[in-house]
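I sat down with this one today to see how the charged residues and the strands fit together. My notes follow.

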Amino acid sequence: MSTQSPVQVTFGGLSTEYSNKGFTHETLSVTKTATMFNGSALVAAGTEAAIASVALVTQIIDDPSVELLETGETGLVAVAVRGNIFNTAAINYSDAGAFVPASATLMLAELNIFK
């Protein structure tokens with residue numbers, strides 16, 4: 001029997017009065033692509049970002065259940081948007097480029113920390 005070890009995309013977040021990641025995360029409907037995984041960077045439209053569109057990234061999938069979706073299937077996943085401490089090694093793009101925090105969108109960079 002294989003053991004699944006999901007990638008830890010966020011190390012933590014802001015302490016708020018909200019529970020269940022209510023402030024740091026949102027729920028988003030995504031259509032799974034062949035390159036979409038937990039940690040995939042997304043643009044505002046909810047589609048997977050390529051490295052060339054790093055400045056347009058507004059959210060990052062932080063939900064291992066995205067990997068249970070079949071390619072082409074649509075489902076709801078948690079996306080990290082604000083107040084997070086991101087594991088930059090876990091963030092990926094559709095074309096396998098590496099995430100560079102200095103290139104992140106102004107909104108994503110101001111409201112999150114990258115380690």
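Is E26 buried, partly exposed or exposed? I looked it up: E26 is partly exposed, with a relative accessible area of 36%. For my scale, buried is under 20% relative accessible area, exposed is over 50%, and partly exposed is in between (1.4 Å probe, protein chains only).

Note to self: this is a predicted model, where local features need pLDDT of at least 70, side-chain atom pairs count only at pLDDT 80 or more, and totals for chains, interfaces and linings use all residues. Residues are numbered from 1 along each chain as its sequence is written, and side-chain values use heavy atoms, leaving out hydrogens and water.

Next, salt bridges (a side-chain nitrogen of Lys or Arg within 4 Å of a carboxyl oxygen of Asp or Glu). I searched the whole structure and got one. The side chains of E26 and R82 form a salt bridge at 2.8 Å, N to O. E26 sits in strand β2 and R82 in the loop between β5 (74-80) and β6 (84-86), so the pair ties together parts 56 residues apart in sequence. Strands here are DSSP E runs of at least two residues, numbered from the N terminus. R82 is partly exposed too, at 23%.

Then I checked K32, in the loop between β2 (25-31) and β3 (41-43). K32 is buried but has no salt bridge; E67, the nearest side chain of opposite charge (Lys and Arg positive, Asp and Glu negative; His and chain ends not counted), is 6.7 Å away. A polar atom of the K32 side chain does lie 3.5 Å from the backbone oxygen of L69.

Key. Helices (H or I, at least four residues) and strands (E, at least two) are DSSP runs, numbered from the N terminus. A polar contact is a pair of N or O atoms within 3.5 Å; within protein, one must be able to donate a hydrogen and the other to accept it, and residues adjacent in sequence count only if both atoms are side-chain atoms.
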